[in-house]
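Colleague: I am new to this model and would be grateful for a close look at a single strand. Please begin with how far the prediction can be trusted, and add a brief word on a helix at the end.

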Amino acid sequence: CPGWCDSANLGYPSERNRDDRISNRGAVLIMAMSLSIGLGLNAIIAAGAGGPVSSGNWFFASTFGGSFFDRYNTSAGRPLLASRARHKIGSGARSKLRVVIPNWAFNTGANTLPAKIVRGALECNGVSVPVLFSGSRGATIPISNSLATSKFESDDILPSSFGLTKFDVGAEVFLWLEAEAITATNRIIMMYRYDKSAGMRAVQYNPATTSINFDSTGAMVVTGSDFNEWTTGNTTEIAATLIGTFEGADQPVWGAIGDSIPTGDGDGLQADDIAGFVQRSMFDADGTSNPVAIMKMTLSGYKLQTASSLTAQFQGWFGYANRWFDELGTNDITAVAGTVSLATMQGYKNTIWATMRAAGVARIYAMDYLPRTTGTYTTEAGQTVVSADYNTGGLTDQLSSWFTTKVGDGTINGKLRFTSTYGTNPYVWPANSTADGLHPNQAMHITMATEMRAWRQGLPA
């Protein structure tokens, strides 16, 4: 298999062509074909001169792939936390939206302390509209770890409420959420990694003396002084985000599962909360044009072992994307050789991929592991491979060969092996590509994004 491969690259329209159609849709008739391996996407038949008919499937709608939330212990007298998160619609125009909130902890699967949503609002086109849950403004997210309740969705939100006929690609939407602690030791919602200069904000406050301009438009304004404010938080839980149905035929929507590498560690936070090579690759090189919806279910330090034990929770979320990119495993293959066996890693991967198929995911792509070194990173010669697992014929090589086998037998649809991340010695980084031997630096994230973008755009649509 070359640097990238795809078992179904049979001459169908590419994602690059799909990207071009976002801005120049015209009278083009888009036919979405079922590339069936396991559970695939249903074929969508265009009806009459009106163009492709929506499948009604719900997919991630936002390009804001790093929008995590966490639940923080309340401080005395500050029981409310309000946040305003910026989203942009990606992949294609949406006929309706919903807010979806996870009902489980990403790192453990446990949800022992329910959160209470006091109110929510969606701001778009200069209009603020309340977000309702079963017809009510507030809702309690219950304790549960089952597949059926691993996600908590709002009622439908229609574009007509904002004076629009559709939520178009690139449309800017702000999600306001306010949560309350149910007990003194409970944790409540806040965001992780946001761009305050773009109008995002998360504050915990005392409503007796301090107020928030909820249900307004524009930047969040805090009146009073009894509040805390954060600019970062722990990614111990998944994001509250937006899902939507397409105006026409279903388009490519991506999810990524992984650890700190696709999260974007080593990359500086960019405008619109773009961080890391995966999210950067979902736009054109200018970081703005042809946005593709992406959800990063990624966490620094996350393990494949953990994810493979939470299949009931993940299955409820995997179905919100029709393409998944799987990088997990670096934290299982530690710097100490022999920590995990090939057979164990294969078992974990097969469990994750089977769960994706069970959720109806049409296309699954694995990523070959990056080098892992110590030493001085300004040269290749100054680096030392951390263990035999990352060296010639080691575990990462064995898994790379196995991924190719899994592409061949249809278990997954392809794999991506970057060419830019390996030095002349393919077991070390190129000079000046990493600051710690584990994560790409910002320049390498940008280079990897260029490579991944070209790979993605060459895939079947």
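Modeller: The average pLDDT (the predictor's confidence in each residue, from 0 to 100) is 82 for this protein, and 75% of its residues score at least 70. In residues 19–51 the pLDDT falls below 50, and the model gives this stretch 61 contacts (heavy atoms within 4.5 Å) beyond near neighbours in sequence. Residues 66–73 also have a pLDDT below 50, with 56 such contacts. This is a predicted model, in which local features need pLDDT of at least 70 and side-chain atom pairs count only at pLDDT 80 or more, while totals for chains, interfaces and linings use all residues. Numbering starts from 1 along each chain as its sequence is written, and side-chain values use heavy atoms, leaving out hydrogens and water.

The strand to examine is β16, residues 241–246 (strands are DSSP runs of E, at least two residues, numbered from the N terminus). Because 6 of its 6 residues are buried (under 20% relative accessible area, 1.4 Å probe, protein chains only), β16 is largely enclosed by the rest of the structure. It pairs (at least two DSSP bridges) with β5, residues 94–102, in the antiparallel sense over 6 bridges. Within β16, T245 stands opposite K96. Strand β2, residues 59–60, also pairs with β16 in the antiparallel sense, over 2 bridges. There, F59 has G244 of β16 as its bridge partner.

As for a helix (a DSSP run of H or I, at least four residues), α7 covers residues 395–408. Its buried residues include L395, L399, W402 and F403. After α7 comes G410, with a positive phi near 85 degrees.

How values were computed. Buried < 20%, exposed > 50% of the residue type's maximum accessible area, 1.4 Å probe, protein only. Expected span 1.5 Å × (residues − 1).
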